[in-house]
Amino acid sequence: MDATARSGELHRITDFSALVDLVRARDGLYLRYSHGPEADAHTQSRDYESGLDLPGLSCTVLDPEPWWTRPLEDWLARQVRKYADLGEAEEDRYAWILTGRVTARGPDHEPLLADVEPVARLDDAVVCRARDLYHERFDPGRDSTTA
């Protein structure tokens, strides 16, 4: 982890379109909600139901899957909102973008990353815009039981 990230000076993404541009320009980006890279450098993710430590930090994929035919903006809105409640649960938790080596999958099939490199932090305004887009473009809560 570089000195800038350790000192808490992550580049801040303040506009949703900047997030879209970043993901278009760079493969292998992930999103994590936590107390940030400095705190995560001294911990690992945990499966709280089993009590087991996980071999990496749990995160969400920002690269869309090959089957995704909708706009990248839709994918990102959905991915950013997926675990946003983790950032909203505690005031000092926030969304940040990282890269790393996938070591395994967690209990919810999420990638677990090692050799993490922080990239940027999402401003709250970006998370709010993702929420708005998600509610505009998706049918939240709809699943196979309600279709």
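This is a short tour of a predicted model, to be followed with the structure open in your viewer.

**Stop 1: strand β8**

Start by selecting residues 111-122, which make up strand β8. How many of its twelve residues are buried? The count is nine, so you will find this strand mostly covered, with buried meaning under 20% relative accessible area. Keep β8 highlighted, as the next few selections are its partners.

**Stop 2: the partners of β8**

Now add residues 94-105, strand β7. Which way does β7 run relative to β8, parallel or antiparallel? The two are antiparallel, and eight bridges join them. To see individual bridges, pick A104, whose partner in β8 is L112, and then R105, which is matched with P111.

Between the two strands, look for the turn: β7 and β8 form a hairpin with five residues between them. Click on H109 in that turn, where phi is positive, at about 70°.

Next, select residues 57-58, strand β5. This strand is also antiparallel to β8, through two bridges. Here L57 has L113 as its bridge partner.

Then move to residues 12-13, strand β1. The pairing of β1 with β8 is parallel and consists of two bridges. Show I13 together with L122, its bridge partner in β8.

**Stop 3: one strand further, from β7 to β2**

Return to β7 and bring in residues 30-34, strand β2. β2 and β7 are antiparallel and share five bridges. A handy pair to label is Y30 with L98, its bridge partner in β7.

**Stop 4: R121**

Back on β8, show the side chain of R121, which lies in this strand. What does its charged end sit over? It is the ring of Y94, with 3.6 Å to the ring centre. R121 counts as partly exposed because its relative accessibility is 24%, a value between the 20% and 50% limits.

Display the surroundings of R121 as well. Leaving aside residues up to four places away in sequence, R121 touches L10, H11, R12, I13, Y94, A95 and W96. For a distance to check in the viewer, try R121 to I97: their C-alpha atoms are 6.1 Å apart, although 24 residues separate them in sequence.

**Stop 5: the aromatic cluster**

The structure holds five aromatic pairs. One of them is W67 with W68, an edge-to-face pair with 5.7 Å from centre to centre and 65° between the planes. Which of these neighbours is buried and which is exposed? W67 is exposed, because its relative accessibility of 57% is over 50%. W68 is buried, because its 12% falls under 20%.

Widen the selection to W67, W68, W75, Y134 and F138, which ring pairs link into a cluster. While F138 is on screen, add R70: it lies over the face of that ring, 4.3 Å from the centre.

**Stop 6: the second largest pocket**

Keep W75 selected and add T60, V61, Q79 and K82. These five lie nearest the centre of the second largest pocket, among 16 lining residues. Two elements each give two or more residues to this lining: β6 (60-61) and α4 (72-82). Which element gives the most? It is α4, with four residues. The space in this pocket comes to about 280 Å³.

W75 makes a good place to finish, as a member of the aromatic cluster and a residue of the pocket lining.

Note on methods:
Residues are numbered from 1 along each chain as its sequence is written. This is a predicted model: local features need pLDDT of at least 70, side-chain atom pairs count only at pLDDT 80 or more; totals for chains, interfaces and linings use all residues. Side-chain values use heavy atoms; hydrogens and water are left out. Buried means under 20% relative accessible area, exposed over 50%, partly exposed in between (1.4 Å probe, protein chains only). Two strands pair if DSSP finds at least two bridges between them. Rings of Phe, Tyr and Trp (its six-membered ring) pair if their centres lie within 6.5 Å; planes under 30 degrees apart count as stacked, over 60 as edge-to-face and the rest as tilted. A charge sits over a ring if NZ of Lys or CZ of Arg is within 6 Å of the ring centre and within 35 degrees of the ring normal. Contact means heavy atoms within 4.5 Å. On a 1 Å grid over the protein atoms alone, a cavity is a set of points where a 1.4 Å probe fits but cannot get out, and a pocket is an open set with protein on both sides within 12 Å along at least five of seven lines; lining residues have an atom within 4 Å of a point. Grid points are joined across faces, edges and corners, and a volume is the space filled by probe spheres set on the points.
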